[in-house]
Amino acid sequence: MGRGVVGEHVGVMLAAMIVETSSLDELLVGIAELAAGAVKGAVSASMALTAPGWSRRVIASEERAIRLETLQRRHGQGPGPDALRTARPVDVPDVRIDLRWPVFAGAAAEAGLLAVRSVPMIVADGAPVGVLTVYGAGARSFDGGAGSFVDRIAGYATLAVVGTMRDYDHTGLLARLRRALASQAIVDQAVGVVMAQRSCSAEAALDVLRTRAIERATSVQAVAEDVVARAEEAARSRGQDG
């Protein structure tokens, strides 16, 4: 499956992942692996959390990201710590010419990871609860729309982390996550349907759903459910006619 297709259905993939995972640790590693595999240009990813009991845990998709995450924590310097301090994404198009964090940049270049994007995981009051960092093998790996896709995955990761910081038990947390991501998954599916019907972008398709929701005085999720149901019914009718 191509990365473009993965991008359109990330909500569906995350919902399935949550159903299958048995612990928050496993889920967070899965999110890091998804980011490394689904974001165009990414080859590795890591997460750092601020909550007591989690702040020393290294969550990453593979060994290079583990080493770089550990290095940033040890020195308190790097794109991840800066994203946490500023509550804003930090982009590094090419670590070989970036002078902000010499130790981190040298280690990243040596590991063959030249581009970096760190995105803070923001809760409702604006306080970061963690940061998602993705790494690319080539310079400027995250130009274009890849950066916004990282932001989207960071938003999903925030759902998981907030539950932990509020001391929710794993069972209750995973149940809430399943509901939240199932809701997002149906919207993602509806966006895909509208994109196919109108040959438009994902953003334009989402605008269509929002407009319909306003016109019908209902939620985007309700409109999405209707769009998907109609598409499935049409597909069944075509199958019967065939």
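Are W101 and F104 buried or exposed? In this predicted model, W101 is buried, and F104 is buried as well. The legends below describe these residues and several other parts of the chain.

**Figure 1. Overview of the predicted protein chain.** The secondary structure of the chain consists of ten helices and five strands. The chain has 242 residues, and buried residues make up 45% of them. Among contacts between residues at least 6 apart in sequence, 58% join residues that are at least 24 apart.

**Figure 2. The aromatic pair formed by W101 and F104.** The count of aromatic pairs comes to one. The ring centres of W101 and F104 lie 6.2 Å apart and their planes stand at 85°; because planes over 60 degrees apart count as edge-to-face, the pair belongs to that class. Both W101 and F104 are buried.

**Figure 3. The packing of helix α4 against helix α6.** Helix α4 covers residues 63-75 and helix α6 covers residues 102-110; their axes are 10 Å apart and meet at an angle of about 170°. This angle makes α4 roughly antiparallel to α6, because angles over 145 degrees are placed in that class. On the α4 side the contact involves L68, L71, Q72 and H75, and on the α6 side it involves V103, F104, A107 and A108. Sorted by class, the contact holds six nonpolar residues, two polar residues and no charged residues.

**Figure 4. R67 in helix α4 and its distance from A107.** R67 is part of helix α4. Its relative accessibility is 44%, so R67 counts as partly exposed. In sequence, R67 and A107 are 40 residues apart, while in space their C-alpha atoms are 8.7 Å apart.

**Figure 5. Helix α3 and its buried residues.** Helix α3 runs over residues 24-38 and has 15 residues. At 1.5 Å a residue, these residues should span 21 Å; the C-alpha atoms at the two ends are 20 Å apart, which agrees with that expectation. The buried residues of α3 are L24, L27, L28, G30, I31, A32, L34, A35, A36 and A38. As general background, an α-helix has 3.6 residues a turn, so residues three or four places apart point the same way.

**Figure 6. Helix α5 and the residue that follows.** In helix α5, which covers residues 79-86, P79, G80, P81, D82 and A83 are buried. These buried residues pack against the helices α4 and α6 and against β3, β4 (115-122) and β5. After α5 comes A87, with a positive phi near 60°.

**Figure 7. The buried loop residue D94.** D94 is located in the loop between β3 (90-92) and α6. With a relative accessibility of 10%, D94 counts as buried, because the cut-off for burial is under 20%. When neighbours within four places in sequence are left aside, D94 is in contact with L114 and A139.

**Figure 8. Positive phi values at the loop residues R140 and S199.** R140 sits in the loop between β5 (128-136) and α7 (146-165). The phi of R140 is near 60°, a positive value in a residue other than glycine. S199 sits in the loop between α8 (170-198) and α9 (202-216). The phi of S199 is near 55°, again positive in a residue other than glycine. At 69% relative accessibility, S199 counts as exposed.

Terms used:
Residues are numbered from 1 along each chain as its sequence is written. This is a predicted model: local features need pLDDT of at least 70, side-chain atom pairs count only at pLDDT 80 or more; totals for chains, interfaces and linings use all residues. Side-chain values use heavy atoms; hydrogens and water are left out. Axes are lines fitted to C-alpha atoms, for helices over the stretch in contact, and angles run from 0 to 180 degrees between N-to-C directions. Helices (H or I, at least four residues) and strands (E, at least two) are DSSP runs, numbered from the N terminus. Angles under 35 degrees count as roughly parallel, over 145 as roughly antiparallel, 65 to 115 as roughly perpendicular and the rest as oblique. Contact means heavy atoms within 4.5 Å. Ala, Val, Leu, Ile, Met, Phe, Trp, Tyr, Cys and Pro count as nonpolar, Asp, Glu, Lys and Arg as charged, and the others, Gly among them, as polar. Buried means under 20% relative accessible area, exposed over 50%, partly exposed in between (1.4 Å probe, protein chains only). The expected span of a helix is 1.5 Å times one less than its number of residues. Rings of Phe, Tyr and Trp (its six-membered ring) pair if their centres lie within 6.5 Å; planes under 30 degrees apart count as stacked, over 60 as edge-to-face and the rest as tilted.
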